[in-house]
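Please look over the sequence and the model before reading on. The report below describes how some of the helices pack, what lies in the cores, and two residues in loops.

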Amino acid sequence: MAKTRLTVTGGIPKPDDSAREAKAALSPEILALSASGMGPIRTDRFAERVYEHLFHAIVEGKIAVGSRLPSENDLAALFDVSRPIVRQALDRLREDKMVESIRGSGTYVKQAAGNEQASGEPAQRIGHILNGLELRLVMEPECAFMAALRRRTSDLETMDRMLCGFEEANASGGIAHHFDFGFHEAIAAATANARLVQVMKSLEYDISHAVNLLRHLVHIQPWERTQDAIDEHRNLFQLIKIQDAEGARRAMRGHLENARTRMFNSRPGL
């Protein structure tokens, strides 16, 4: 395979004078990833975080098919983690057939292979997606109900920050999935029930990864109706803010049903 430079939508901002010398030592691939909004990650679950960032960047078209990923050293510097952590993330991407490594050349983003979609593994993963969505439909409307009754000013501030981040990332073409899920996690936190928060945290990697893996496996284009989700989030936020518990419960259920419809491009209930 011929070497192909990493293509990331948006372009690379010019560094200021204070950062120019440091930036000059970095590869074009790592500069492009940095420009797309990726950088140091939170201290929990390092490998999963690196994997999620790269996975979403590939599925959403931020990293073009055929592009060569930055070296392990460059990725470790970008995410502020060790090289073994980066290797774990790349191993998972290879298992998902998202990338392939060529000895002496590097790691490249692959095109989804149609023949692989007939195997039993994708069907099992889609079933996993449906089970996860069912769990969210049971739990999250009640989280929204309790959040409306118990929310504090700090909870509202966190929700608003996640919404603003979601909107800004969507407008700039950056990576937005962590803001989307962060909003849902903030609602769980507003219930003041630590067990509900734990369940939501456990779903972040499960649901977020599964939804995007479905798009990869069945050749669904990246979701182009993000604004619908943002509008639904804003409506839900306002209901929680004015403490309309029943309205928040209905709005959350509607949002999750709409998300399922958008995801599968079908009517609710399938």
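Which residues in helix 8 meet which residues in helix 10? Asp180, Phe183, His184 and Ile187 in helix 8 meet His233, Leu236, Phe237 and Ile240 in helix 10, where contact means heavy atoms within 4.5 Å. The residues of this contact divide into five nonpolar, two polar and one charged; Ala, Val, Leu, Ile, Met, Phe, Trp, Tyr, Cys and Pro count as nonpolar, Asp, Glu, Lys and Arg as charged, and the others, Gly among them, as polar.

This is a predicted model, in which local features need pLDDT of at least 70 and side-chain atom pairs count only at pLDDT 80 or more, while totals for chains, interfaces and linings use all residues. Residues are numbered from 1 along each chain as its sequence is written, and side-chain values use heavy atoms, with hydrogens and water left out.

Helices here are DSSP runs of H or I with at least four residues, numbered from the N terminus. Helix 8 (residues 177–190) and helix 10 (residues 226–241) pack at an angle of about 20°, with their axes 12 Å apart; the axes are lines fitted to C-alpha atoms over the stretch in contact, and angles run from 0 to 180 degrees between N-to-C directions. The two helices, helix 8 and helix 10, are therefore roughly parallel to each other, a term for angles under 35 degrees.

The largest nonpolar core has 31 residues, and those with the most contacts inside it are Met159, Phe183, Ile187, Leu236, Ile240 and Ala248. Such a core is a set of buried Ala, Val, Leu, Ile, Met, Phe, Trp, Tyr and Cys residues joined through side-chain atoms within 4.5 Å, and buried means under 20% relative accessible area, exposed over 50%, and partly exposed in between, with a 1.4 Å probe and protein chains only. The largest share of this core, eight residues, comes from helix 6. Leaving aside its neighbours within four places in sequence, Phe183 is in contact with Met159, Met162, Leu163, His233, Leu236 and Phe237.

Two loop residues other than glycine have a positive phi, as set out here.

| Residue | Phi | Loop | Relative accessible area |
|---|---|---|---|
| Ala192 | near 65° | between helix 8 and helix 9 | 66%, exposed |
| Gln243 | about 65° | between helix 10 and helix 11 | 41%, partly exposed |

Technical notes
Angles under 35 degrees count as roughly parallel, over 145 as roughly antiparallel, 65 to 115 as roughly perpendicular and the rest as oblique.
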